[in-house]
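Reader: Could you take me through one part of this model up close? I would like to hear about the aromatic rings and what surrounds them, with some background on the chain.

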Amino acid sequence: MSKKNAKIHALDGAEMTAEGLSFKGSILEPVVEQCDGCERAIEFDSKKYCPSYAQPAKKWSHGVCNFATHARAGVDKEGKVKVNPLKASKRAARGR
């Protein structure tokens, strides 16, 4: 099965209801702006949804979504890895 066919079948059985997109007993909310570029986001009736998590906005409220395929936790906007100063001082003391 190709990647494109896998995406088509990821929301197999989903149907639009008055509350939103119903999938496997839960209501999926459309993805948020931070999800742009994620490979998991799938288009259904001209809106994109995440089959991995029903409420994407809550996943992004505490930092980077752990399901995101386009973003990494621990990296700032400039692309530099964030370093914990306490751990860095301990590593320096051990000579690493």
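Author: Happily! This is a predicted model, so local features need pLDDT of at least 70 and side-chain atom pairs count only at pLDDT 80 or more, while totals for chains, interfaces and linings use all residues. Residues are numbered from 1 along each chain as its sequence is written, and side-chain values use heavy atoms, with hydrogens and water left out.

Let's begin with the rings. A search of the whole structure finds one aromatic pair, where pairing asks that ring centres of Phe, Tyr or Trp (its six-membered ring) lie within 6.5 Å. The partners are Y53 and F67: their centres are 6.4 Å apart and their planes meet at 35 degrees, so the pair is tilted (under 30 degrees would be stacked, over 60 edge-to-face, and the rest are tilted). Y53 belongs to the loop between β5 (47-49) and α2 (56-60), and F67 to the loop between α2 and α3 (85-94), so the pair ties together parts 14 residues apart in sequence. Helices here are DSSP runs of H or I with at least four residues, and strands are runs of E with at least two, numbered from the N terminus.

How covered are the two rings' residues? Y53 is partly exposed at 30% relative accessibility, and F67 is partly exposed at 25%; buried means under 20%, exposed over 50%, and partly exposed in between, using a 1.4 Å probe and protein chains only. Y53 has another neighbour too: the charged end of K59 sits over its ring, 4.8 Å from the centre. That label needs NZ of Lys or CZ of Arg within 6 Å of the ring centre and within 35 degrees of the ring normal.

Now for the cysteines. The count of disulfides is zero, a disulfide being a pair of cysteine sulfur atoms within 2.5 Å. For C35, the nearest cysteine sulfur is that of C65, 6.2 Å away. C35 is buried at 9% relative accessibility, and C65 is buried at 10%.

As for the background, the protein chain has three helices and five strands, in the order α-β-β-β-β-β-α-α from the N terminus. Of its 96 residues, 18% are buried. Its mean pLDDT, the predictor's confidence in each residue from 0 to 100, is 79, and 80% of the residues reach 70 or more. Among the elements, α3 has the highest mean pLDDT (90) and helix α1 (residues 3-10) the lowest (58).
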